[in-house]
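Q: I am new to this structure and would like a close look at a single part of it, followed by an account of how that part compares with what lies elsewhere. Please take the part slowly and connect one detail to the next.

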Amino acid sequence: MLIVDNDLCVGCGLCEDNCAFAAIEVVDGLAVVGDTCTLCGACVEHCEVEALVLEGAEKNVQMDLASWSGVWVYCEFRAGVLASVSLELLGIGRKLADARGVELSAVLIGSHTEETAEKLIAHGADRVYRADDPALSFFTDEAYGAVMTKLIREHKPEIVLAGATAIGRSFIPGVANSLGAGLTADCTQLDIRDDDGALLQTRPAFGGNIMATIVCPHSRPQMSTVRPNVMKALEADATRTGKIIDVSLDPAMLETKVRVLESVISEHDDVNIQESDKLVGGGRGLDSEKGFELIRELAKSIDGSVAASRAVVDSGWIGYPHQVGQTGKTVAPKLYIACGISGAIQHVAGMQSSETIVAINRDAEAPIFNVADFGIVGDLFEVIPKLISTIEGRRKS
Ligand SMILES: Cc1cc2nc3c(=O)[nH]c(=O)nc-3n(C[C@H](O)[C@H](O)[C@H](O)COP(=O)(O)OP(=O)(O)OC[C@H]3O[C@@H](n4cnc5c(N)ncnc54)[C@H](O)[C@@H]3O)c2cc1C
């Protein structure tokens, strides 16, 4: 609860100016707290006369920040395959570690991980903590969470990064909770603050309308998840050397209430739009599910895959694995052709890193044209067939 000490309050308005939620107002010379207060504490920090107190929410100030050192990346490994986001995180992790003058470590959990550990070193890691056990061949929140928590407690890294994938999103919040640390999910940018070396974690907020930079100055580790395809992986350097440390695992740690009976490849697993370098995206301008036949035809003509806006996924015209955007996937293909997509900020957040963007829309004012390299103003039902026949004609000749 946020308490105002009316004897100390001077009605200066600093609290009001610094409240992002418009939850505090100066009335008749005194601060008054409203219903929208989130107890974020920004007003308390800015009050020069200490008239504001957050009761029951004492800040967990850790006095030994200096004893936490190093940047860690959880490298996701599933069914013998390393998730590409792991290498992207090693890329940004390397930059952060160099800026802090500390080591970059990878955490690899799974079974039969030998070759992968070497690969992580070639992509920037100085150390790899390898927890390899048949009991870890399938992901479970409990076992992976226990291993990760134990390692962080033992080695005290100042920064821990993980992919905002289904697995990362599933167990990393539990790890952060066990450690009493904060977690910034879905970051799109990471940097180091010059003054105090704190991690600047930037992510879309308020429905993607603003970018918020979040800092955890008082606690360690600083933990973030990062979306795939946002950061750049480093080229592999086979001459890099590093240390692979085999983690000793207490059998009790690997116990889990979850029994994996069978692992089945999802029928959607062939739709990995994040791996495709050419995407054709369809939106509500397609009018109906049938409109996707045209999109599939165009995608086929350029050997690409089909992507979609949330509007059409919500309408059931196509499955969620195709969705691009803030609540879908982030993609960065060489070519993205947006057809009948208006270009809402939440969609653009997921495709703006594409190398070349082509937009087809009958509304010349559609915001998608602001991010497009090439724009075609016209009816997609007329434009796309012409495009397909031109592409096929060129291919034949
Ligand atoms: C918290 C939150 C998260 C969200 N996450 C996502 C997300 O991950 N991904 C996402 O895509 N959206 C997301 N949205 C929704 C987003 O705000 C938009 O509503 C959505 O992207 C609109 O989809 P659209 O462009 O297909 O449809 P519309 O905005 O309806 O646009 C349709 C476009 O088609 C054009 N058009 C119509 N007919 C034709 C024609 N015959 N030929 C050519 N052009 C035509 C129109 O001019 C229009 O520009 C999110 C929203 C919120 C609030």
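A: What follows looks closely at one pair of packed helices and then moves outward to other parts of the chain.

The model is a predicted one, and the protein chain in it holds 12 helices and 21 strands. Its C-alpha trace spans about 80 × 60 × 40 Å along the principal axes, and 38% of its 397 residues count as buried. Among the contacts in the chain with a separation of 6 or more, 64% are accounted for by residues 24 or more positions apart.

The part chosen here is the packing of helix H5, residues 141-155, with helix H6, residues 166-179. Two packed helices are described by the angle between their axes and the distance between the axes. For H5 and H6 the axes come within 9 Å and cross at roughly 45°, and the two helices are therefore oblique to each other. The crossing of H5 and H6 is right-handed. On the H5 side the contact is made by Asp-141, Tyr-144, Gly-145, Met-148, Thr-149 and Ile-152, and on the H6 side by Ser-170, Phe-171, Gly-174, Val-175, Ser-178 and Leu-179. Sorted by character, the residues of the contact of H5 with H6 come to 6 nonpolar, 5 polar and 1 charged.

Within this contact, Tyr-144 repays a longer look. This residue lies in helix H5, and Tyr-144 is buried because 26 other C-beta atoms lie within 10 Å, where 20 or more are needed. If residues up to four places away in sequence are not counted, Tyr-144 touches Ile-109, Phe-139 and Phe-171, and Phe-171 is one of the H6 residues that make the contact between the helices.

Tyr-144 also has a partner that is far off along the chain: Tyr-144 and Met-253 are 109 residues apart in sequence, yet 8.9 Å apart in space, C-alpha to C-alpha. A similar pairing involves Ala-143 and Pro-251, which are 108 residues apart along the chain and have C-alpha atoms separated by 9.9 Å. Pro-251 is found in helix H7, which covers residues 251-254. Whereas Tyr-144 is buried, Pro-251 counts as exposed, with 8 C-beta neighbours inside 10 Å.

For a second example of helix packing, one can turn to helix H8, residues 292-301, and helix H12, residues 380-396, which pack at an angle of about 20° with their axes 10 Å apart. H8 and H12 are therefore roughly parallel to each other, and their crossing is left-handed. The contact uses Leu-294, Glu-297, Leu-298 and Ser-301 from H8, together with Ile-384, Leu-387, Ile-388, Ile-391 and Glu-392 from H12. The residues of the contact of H8 with H12 divide into 6 nonpolar, 1 polar and 2 charged.

The nonpolar cores come next. The largest nonpolar core has 51 residues, of which Ala-106, Val-107, Leu-108 and Leu-120 touch the most other members. Leaving aside neighbours within four places in sequence, Ala-106 is in contact with Val-73, Cys-75, Leu-90, Leu-120, Ala-125 and Val-128. A second, separate core of 33 residues includes Val-312, Ile-318, Ala-372 and Ile-384, and Ile-384 is also one of the H12 residues in the contact with H8.

Some backbone details remain, and they are seen best against a general background. Most residues other than glycine have a negative phi, and most peptide bonds are trans. Asp-28, in the loop between strand S2 (24-27) and strand S3 (30-33), has a positive phi of about 50° although it is not a glycine, and Asp-28 is exposed, with 6 other C-beta atoms within 10 Å. Ala-79, found in the loop between strand S6 (77-78) and strand S7 (81-82), likewise has a positive phi, near 50°, and Ala-79 is exposed, with 11 other C-beta atoms within 10 Å. The peptide bond from Arg-220 to Pro-221 is cis, with omega near -5°, and Pro-221 sits in the loop between strand S14 (210-214) and strand S15 (222-226).

Lastly, at the start of the chain, Met-1 lies in the segment before strand S1 (2-4) and is exposed, with 10 other C-beta atoms within 10 Å. The C-alpha atom of Met-1 is separated by 6.9 Å from that of Leu-39, which is 38 residues away along the chain.

Key
Residues numbered from 1 in each chain as written. Predicted model: local features only at pLDDT ≥ 70, side-chain atom pairs only at ≥ 80, totals over all residues. Axes fitted to C-alpha atoms, helices over the stretch in contact; angles between N-to-C directions. Helix = DSSP H or I, 4+ residues; strand = E, 2+ residues; numbered from the N terminus. Parallel < 35°, antiparallel > 145°, perpendicular 65-115°, else oblique. Left-handed = near helix turned anticlockwise from the far one by under 90°. Contact = placed C-beta atoms within 7 Å. Nonpolar A, V, L, I, M, F, W, Y, C, P; charged D, E, K, R; others polar. Buried ≥ 20, exposed ≤ 12 C-beta atoms within 10 Å, placed from the backbone. Core = buried A, V, L, I, M, F, W, Y, C linked by C-beta atoms within 7 Å.
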